[in-house]
Amino acid sequence: MDCLDTIADYGLRSLGYGERLLPRSDFTLCQQVTLIGSGMIWNVYFGLLALIAGFGLATVVAVGKASSKRWARKPAEWFIFLFRGSPLFIQFFFGYFLFLSLKQVSSAFDAFASAWAGALVVLFLNTAAYTGEIFYGALQSVPRGDQEAAEAYGLTGWRKFRRITWPTMLRLAWPAYTNEAIFLFHATTLVFFTGFPAVQQRGDALYYASYFADKTFNPFVPYPILAGFFILLTLCIIAIMGAVNRRLNRHLPQAATRRPRLLPQIIR
């Protein structure tokens, strides 16, 4: 079987398409790269959806924690404390058993006992807590002069938040938020090593890398392949988040680029 046939058979196996059974012996490099790359589809799925959904909840949590009203501040503080104070690995276990219990109560929770929905909810809540704390710190750092200038122009309430406070908060928080996005995608490797089962061996990239490491007793081939995929994914995240950061700061004066001096100065 050449490499093209291997890609055709296993390229989408993690989604249930192609060859049903995993190779048992005589593993080729192409098989390992293809299957680990197929598993990366799940890592991107978990990370992307959790990041998008968590962004909205994090904004609400940050505003709630910065509120002067106790009924809005305390739930936000406890939400952040709960998900930042406990390990993500344990959150997956508790989330899985919670969804199993709810599944027995109502069939509406059947989907949440599977990784594609249940693990996504856990990741969504976890990243919302971390991002909410980042956004809260940025909210506290919004210059008072910006707020006063907005009020001088007649902007108050929601209009002031939407046009002045929220964009400034994003500009201040974006570098730290980029790190949280990278950590979130790396954390997706924990999904199938917790309670959530991999149905018919359809797991993520680390699931397949561990499979090859166990079968060959040689972790020095599949795990570097896995690391290479995540390095490429991280570079993509950095590029996208950097483009957004430049867009957020497009109105600010850019520092002039200084050309390097090719010849050293002569010391007299």
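This section describes the nonpolar cores, the aromatic ring pairs and the disulfide of a predicted model.

The largest nonpolar core holds 53 residues, of which Phe46, Phe92, Leu123, Phe135 and Val191 touch the most other members. Two or more residues of this core are supplied by each of the helices H2 (29–66), H4 (88–105), H5 (115–140), H7 (157–187), H8 (205–216) and H9 (222–248). Helix H7 gives the largest share, eleven residues. Another core, of seven residues, lies apart from the largest one; Val61, Ala76, Phe83 and Ala129 are among its members. Phe92, one of the residues of the largest core that touch the most other members, is in contact with Ala119, Val122, Leu123, Leu190, Val191, Thr194 and Phe196 when neighbours within four places in sequence are left aside.

The count of aromatic pairs comes to 22. One of them joins Phe27 and Phe212, whose ring centres are 5.2 Å apart; the planes stand at 80 degrees, so the pair is edge-to-face. The two residues are 185 residues apart and belong to distant parts of the chain, with Phe27 in the loop between helix H1 (3–10) and H2 and Phe212 in helix H8. Both Phe27 and Phe212 are buried. Phe55 and Phe135 also form an edge-to-face pair, at 5.6 Å centre to centre and 85 degrees between the planes. This pair links helix H2, which carries Phe55, to helix H5, which carries Phe135, across 80 residues of the chain. Phe135 is buried, with a relative accessible area of 0%, whereas Phe55 is partly exposed at 22%. Because buried requires a relative accessible area under 20%, Phe55 at 22% falls outside that class. Ring pairs further link Phe55 and Phe135 with Trp166, Trp174 and Tyr177 into a cluster. A charge is also placed over a ring: the charged end of Lys65 sits over Tyr136, 4.6 Å from the ring centre.

The structure holds one disulfide, formed by Cys3 and Cys30 with their sulfur atoms 2.1 Å apart. The link is right-handed, with 80 degrees about the S-S bond. The disulfide connects distant parts of the chain, since Cys3 lies in helix H1 and Cys30 in helix H2, 27 residues apart. Cys3 counts as partly exposed at 39% relative accessibility, while Cys30 is buried with a relative accessible area of 15%. Cys236 is partly exposed, with a relative accessible area of 44%.

Notes
Residues numbered from 1 in each chain as written. Predicted model: local features only at pLDDT ≥ 70, side-chain atom pairs only at ≥ 80, totals over all residues. Heavy atoms only, no water. Core = buried A, V, L, I, M, F, W, Y, C linked by side-chain atoms within 4.5 Å. Buried < 20%, exposed > 50% of the residue type's maximum accessible area, 1.4 Å probe, protein only. Helix = DSSP H or I, 4+ residues; strand = E, 2+ residues; numbered from the N terminus. Contact = heavy atoms within 4.5 Å. Phe/Tyr/Trp six-rings, centres within 6.5 Å; stacked < 30°, edge-to-face > 60°. Lys NZ or Arg CZ within 6 Å of the ring centre and 35° of its normal. Disulfide = S-S within 2.5 Å.
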